[in-house]
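This report describes selected secondary-structure packing in the structure shown below.

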Amino acid sequence: MALGGVLLVVLLAMGGLVTAYFLVDIPKANAAAAAQSNVYLYADGSEIAVAGEVNRENVALADVPLTVRRAVLAAEDRNFYDDPPVDLRAMVRAVWNMVRGEGKQSGSTITQQYVKNYYLDQRQTLGRKAKELVIAVKLGREESKDDILRGYLNTSYFGRNAYGVQAAARAYYDKQAKDLTTEEGAYLAALLNAPGAYDVRADPENRDRALARWNYVLDGMVKEGWLNKTRRDGMEFPEPVEIATDELSGERGYLVEAAAGWLQANGVAEKDELLDGGYRVRTTIDPDRQDLLRRAVEEGFLDRLATDEAPDRFARVGATSVDVDSGEVVAMYGGRDYTEQFVNNATRRDYQAASTFKPFVYAAALDRRAETEDGDRIGPRTEYDGDSGREVVGRDGEKTGWAPENEDDADYGTITVAEAMDASVNAVFAQMGEDVGPDRVKETAVALGIPDNTPGLDSAQGSISLGTATPSTVHVANAYATLARHGVHREVTLIAEVTRNGERIDLPRRDPDRAISREAADGTTEVLLDVVRVGTGAAAQAAGRPAAGKTGTAENDKAAWFAGYTPELSTVVAVFGQDPVSGAQKELYGVAGQDRISGGGFPAQIWARYTAEALEGEPERDFTLRSRQPDPELRPRGPDREGAPRREDRDAEESASPEPSEGAEEPDESQEPEEPEETGGPEEPEEPPGPTGPEEPQESAAPGGPGGGEPTGAPEPSGPEEGTAPAPGPPGALPGRGGAQDRGRTARRTARGTGPSSRRSPGAARRPRRAGHARA
């Protein structure tokens with residue numbers, strides 16, 4: 001009687017299943033099963049990390065070795081290719097056992113397990129079991145066995161947070177699924193039954209049962225004729241690798257975060273799409289140069305710090321290196337460990353760029369053919385008053401009320417622009433920025449590569465010239481790469497190639513465009529070569545390459561920068577001060593036992609080491625420069641300026657000059673003169689016409705330096721101080737701009753003092769430091 005009742009229940013259930021077959025459709029995949037991780041790669045295709053909500057990367061069945069597929073079949077469903085998608089006897093047995101309360105039962109065939117993984121959930125109830133049966137039968141009719149096996153291999157859980165055979169191959173053997181051996185495939189197949197019970201690294205007590213299950217899989221392959229017995233007898237258990245602590249630990253997390261940010265910022269992938277996964281992203285990061293940059297930062301600076309004690313624990317380093325020709329980021333240092341500090345120091349935008357902005361001021365002056373308040377065209381030997389606290393005069397001749405101080409409140413007296421760049425004199429570039437116009441300085445900075453939405457750029461006004469805006473090291477490196485590229489700008493990129501689920505995605509075009517004239521870019525490079533040769537960036541000479549660069553130290557010494565470039569690489573290194581607990585910006589006084597951290601110290605040293613090693617073995621390239629810079633008549637500066645013609649007198653003289661004869665052909669700036677063929681660098685686009693207005697004749701550059709030699713009667717550069725030797729210039733340095741290390745610092749410091757330096761004596765009153773500007 002009891003047996004008859006059971007049979008009745010089974011018959012009713014079967015009738016209900018037949019009805020359900022016609023009523024239940026194959027549903028969409030559940031979100032968790034469809035989600036994948038994203039794979040991030042170096043430029044050479046080696047793996048950086050796998051990231052995403054779910055650790056899964058789908059692969060084609062052909063990318064799983066045949067022996068690995070057969071190992072899975074031997075473990076889970078040896079008759080998969082011959083039997084129907086549902087094992088009715090196993091289903092009846094499972095229902096009967098569940099009715100009797102003997103525990104939850106799982107589906108037996110691979111098709112049923114795939115349905116459970118991909119379309120349903122892991123609950124083991126009668127209702128879910130019935131749906132599983134119906135969908136499995138339908139799926140077996142609509143999809144091929146190969147498609148079902150592929151789906152099963154991509155959705156099954158293998159332990160170690162690895163979903164799918166590709167993630168499992170990485171988690172257990174640190175390789176791609178296509179590279180798995182038969183022995184390794186058999187162990188992964190053994191894990192499918194109970195991952196936690198067979199992971200020999202997670203628990204050594206699992207070893208005996210894991211070996212038994214592994215042997216069961218291999219013996220099954222022999223029994224089915226899929227594996228030669230002699231080969232089987234010679235196999236040894238393949239020890240899996242240690243369990244990875246975190247895919248994003250170390251520097252990898254910063255690279256992944258930067259790459260994902262680039263994809264979103266450039267419209268390649270939305271945030272939700274990245275969360276759904278399936279992306280394979282090949283970056284432009286060169287693994288060798290990445291390692292060199294990391295070592296230069298850590299061995300050259302961070303390893304010297306007592307990281308648990310203030311002030312050393314405040315130090316952070318960000319760095320970016322960009323290939324000049326391509327505009328690709330080839331190395332990026334965001335920090336020691338992403339899992340401990342999530343802020344990427346290479347891409348952060350909250351520290352002043354300081355004097356690394358001064359080259360943008362000078363480039364704007366050259367590109368716009370700007371004049372001083374006295375009507376002199378601005379060039380390398382144009383003279384300015386370099387005294388600290390000198391009030392800036394507006395273009396209308398009125399004082400502005402802004403009087404920025406120089407580093408250490410030093411006075412330089414009358415000083416040339418080239419010398420002011422060497423010594424990073426704030427007073428000069430604050431006035432030059434006003435002479436050019438803050439809006440024009442901003443336009444030039446943006447054209448070179450500083451984003452127009454950079455924090456502090458719009459609100460800076462006059463202080464833009466001293467770098468109060470806060471761009472990232474990426475964008476400063478990009479802007480300097482434009483100078484190295486002779487004024488041709490290319491959008492910086494971190495991404496070389498993107499695919500999703502095997503389909504290639506188009507990336508934004510990065511066509512080069514002219515940012516500033518070649519003469520302006522090359523003229524700026526000429527003075528920056530001297531910053532390295534005899535100025536504040538002398539430590540960068542250790543690179544052993546022709547190099548141009550600029551130091552920068554933010555207000556209150558909260559950041560120190562060195563931005564420099566060779567013809568091949570544009571690299572920026574910045575040291576930031578930040579409290580690791582509160583996140584507040586901190587001064588860098590006393591870090592590494594130094595009174596202060598300046599851009600010419602550790603940042604320039606890191607830059608030099610990295611650049612030397614990154615270019616090791618490559619032929620040395622010199623800068624090929626062409627400049628058209630004014631050679632202004634230099635008139636005495638200082639207290640007695642009588643005899644210098646007033647600006648209105650100069651304007652009157654110019655207006656009295658004869659006009660060009662009617663019909664005379666004016667020079668076309670869009671057609672640049674021919675020059676010797678160069679190697680390297682992008683093809684230069686046609687330069688657009690320059691600013692409207694009367695054309696000025698092209699000035700010839702006399703020997704002896706940028707824009708011509710020292711004018712007659714100009715004071716000779718002072719020699720080195722007693723006991724010091726001239727700083728050696730790097731190979732290929734341009735001649736004729738003075739050879740003494742102290743030329744830019746002492747040669748002109750005579751306006752207020754009588755000695756070689758006019759720094760105030762200890763007893764002299766100091767001006768209070770004004771806010772709103774960065775130091776050298």
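Is the crossing of helix 15 and helix 22 left-handed or right-handed? The crossing is right-handed, where right-handed denotes a near helix turned clockwise from the far one by less than a right angle, and left-handed an anticlockwise turn. The model is predicted, with local features requiring pLDDT of at least 70 and side-chain atom pairs pLDDT 80 or more, while totals for chains, interfaces and linings use all residues. Residues are numbered from 1 along each chain as its sequence is written, and side-chain values use heavy atoms, without hydrogens and water.

Helices (H or I, at least four residues) and strands (E, at least two) are DSSP runs numbered from the N terminus. The axes of helix 15 and helix 22 lie 9 Å apart at about 145 degrees; axes are lines fitted to C-alpha atoms, for helices over the stretch in contact, and angles run from 0 to 180 degrees between N-to-C directions.

An open antiparallel sheet has five strands in the order 5-4-14-13-12, strands being paired if DSSP finds at least two bridges between them. Strand 5 and strand 12 form its edges. Strand 4 pairs with strand 5 over four bridges, and Ala319 stands opposite Tyr333 in strand 5.

Two helices are set against strands as follows, with contact meaning heavy atoms within 4.5 Å.

| Helix | Strands | Angle |
|---|---|---|
| Helix 20 (residues 473–484) | strand 4, strand 5, strand 12, strand 13, strand 14 | about 30 degrees with strand 13 |
| Helix 21 (residues 518–534) | strand 12, strand 13 | about 65 degrees to strand 12 |
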